[in-house]
Number of protein chains: 2
Amino acid sequence: MTPMKEDYLKIIFELGGTSKMVSNKQISQSLDIAAGSVTEMVSKLVEDGLATHTPYAGISLTDEGIELAEQLVRKHRLWETFLVDKLDYKLSEVHEDAEQLEHVTSDKLTNSLSDFLGNPTHCPHGGVIPTADGVYQQYSHIMLSELEDGDVAVVDRLADNRDLLTYLDQIDFDLGDKIKVISHAPFEGPITVQLLSEKNGEEQREVSFKASHYVFVIPEADK
Amino acid sequence: MTPMKEDYLKIIFELGGTSKMVSNKQISQSLDIAAGSVTEMVSKLVEDGLATHTPYAGISLTDEGIELAEQLVRKHRLWETFLVDKLDYKLSEVHEDAEQLEHVTSDKLTNSLSDFLGNPTHCPHGGVIPTADGVYQQYSHIMLSELEDGDVAVVDRLADNRDLLTYLDQIDFDLGDKIKVISHAPFEGPITVQLLSEKNGEEQREVSFKASHYVFVIPEADK
DNA sequence: AATCATATTTAGGTTAACATAACATTTTTG
DNA sequence: CAAAAATGTTATGTTAACCTAAATATGATT
């Protein structure tokens with residue numbers, strides 16, 4: 001394993017590669033790496049038995065790949081918890097450092113850190129922290145962008161990207177908010193949503209088209 | 001900067017490249033990298049203005065190189081302190097993890113960590129932790145192997161190498177011990193020293209030839 | 001001082017991870 | 001449904017950091 005392979009694994013995992021197929025383009029854009037380079041690296045992951053690749057169709061993770069990615073997510077989120085809880089980082093500042101730390105974190109260090117933090121179950125972004133033995137509660141891979149006007153949902157998870165988090169922080173849009181989709185502006189314009197929690201009367205928020213692909217939601221059961 | 005350049009800087013620093021010239025061979029052996037590769041990398045450090053190189057004579061650090069190396073040492077030692085003080089690592093276990101962590105530690109993280117630890121001044125091995133603004137107390141670069149029979153000295157610093165620390169732990173040879181050199185066995189055999197602290201009556205220790213190159217001492221002023 | 005051993009540098013080759021550009025396949029659309 | 005657009009793959013080139021082996025310099029020994 002190399003840090004780069006780890007980054008690919010993690011991004012495929014986060015894009016939903018545990019259940020669906022992820023496209024080359026999604027990976028290429030998320031990592032900001034040329035499409036050709038992605039194809040190359042994916043074929044190495046396939047050789048390593050960590051991913052499957054059907055040309056022109058997409059990429060998924062094998063069970064082994066999933067297990068590895070989960071442990072990376074575990075390391076990442078433990079570090080985020082450390083940075084916020086112990087070093088007083090702000091939520092929007094944690095990503096870069098945690099991203100680097102996770103690649104150099106031995107299993108012993110991971111477990112010691114977890115103990116030190118009181119074996120937390122959730123990171124500061126609301127994500128579940130997988131346990132050492134790989135038990136992992138599934139969370140949403142449904143993007144806000146997939147909802148239609150009138151749909152109601154709860155914001156379950158935010159992709160861990162500094163720019164995104166800063167943006168959402170600015171527009172005051174939080175994890176756990178219950179929302180109703182009001183309208184989609186044309187030409188990839190923003191999605192207007194209404195905040196449904198008690199205290200926010202009729203407040204609305206405009207979430208950019210791009211950001212809506214990095215906000216994951218749990219839709220309300222069909223009415 | 002890359003992690004590898006950082007490793008070179010740090011090793012040159014630790015081998016005394018702040019004041020004397022360090023040989024290609026010393027670097028090559030310490031990092032377990034072929035001599036040719038060392039020449040190549042050193043020439044990059046020279047291009048970067050971090051080191052000076054006189055062919056066939058040796059390598060030293062520039063002021064800028066020293067400053068950078070000090071900050072690496074600072075990061076390394078802060079992590080060691082964290083691992084021992086907060087995560088209950090044993091002294092002989094800290095090196096590997098700290099070595100990896102130091103390369104991915106931003107300045108912000110370094111300072112936050114230092115605050116969290118109470119701005120410690122010394123790492124668990126007895127080394128001084130340089131401050132953020134580069135103030136750094138010099139410590140000994142005199143190796144136990146350089147002493148002659150009859151010399152008296154205090155053990156000031158141990159190179160931070162797992163095998164070495166495990167070995168010294170086994171033979172019960174500690175930081176701070178005041179010693180007198182009794183004899184040098186021929187053919188690179190062990191150096192016999194006598195422990196001079198009150199409670200160790202006439203106790204002696206045999207330190208292997210190789211280990212004696214990684215134990216740094218402050219000799220007693222000439223009598 | 002000539003020889004030999006050791007240390008260092010130089011030259012040429014390898015690998016991982018990237019890029020660009022040409023080619024191939026899908027998907028969209030008039 | 002054919003042409004255009006988008007996406008994906010293959011081929012080729014680059015860079016950083018390593019290696020081995022050959023060439024060169026230094027210093028130690030007779």
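Visitor: Which helices of chain A and chain B each supply at least two residues of the surface near DNA strand C?
Guide: This is a predicted model, in which local features need pLDDT of at least 70, side-chain atom pairs count only at pLDDT 80 or more, and totals for chains, interfaces and linings use all residues. Side-chain values use heavy atoms, with hydrogens and water left out; residues are numbered from 1 along each chain as written, and chains are lettered from A and ligands numbered from 1 in written order. A residue is near a strand if one of its heavy atoms lies within 4 Å of it, and helices are DSSP runs (H or I, at least four residues) numbered from the N terminus. The helices are α1 (3-14) and α3 (35-47) of chain A, and α2 (24-31) and α3 (35-47) of chain B.

Visitor: Which part of DNA strand C does a polar side-chain atom of E40(A) approach?
Guide: Sugar and phosphate account for 70% of the atoms of DNA strand C that come within 4 Å of the protein. T2(A) places a polar side-chain atom 2.5 Å from a phosphate oxygen, and K25(B) places one 2.7 Å from a phosphate oxygen. For E40(A), the partner, at 3.0 Å, is a base nitrogen.

Visitor: How many residues does the largest nonpolar core have?
Guide: Such a core is a set of buried Ala, Val, Leu, Ile, Met, Phe, Trp, Tyr and Cys residues joined through side-chain atoms within 4.5 Å, where buried means under 20% relative accessible area (1.4 Å probe, protein chains only). W79(A), F82(A), W79(B) and F82(B) have the most contacts (heavy atoms within 4.5 Å) inside the largest one. Its count is 30 residues.

Notes
A polar contact is a pair of N or O atoms within 3.5 Å; within protein, one must be able to donate a hydrogen and the other to accept it, and residues adjacent in sequence count only if both atoms are side-chain atoms. Buried means under 20% relative accessible area, exposed over 50%, partly exposed in between (1.4 Å probe, protein chains only).
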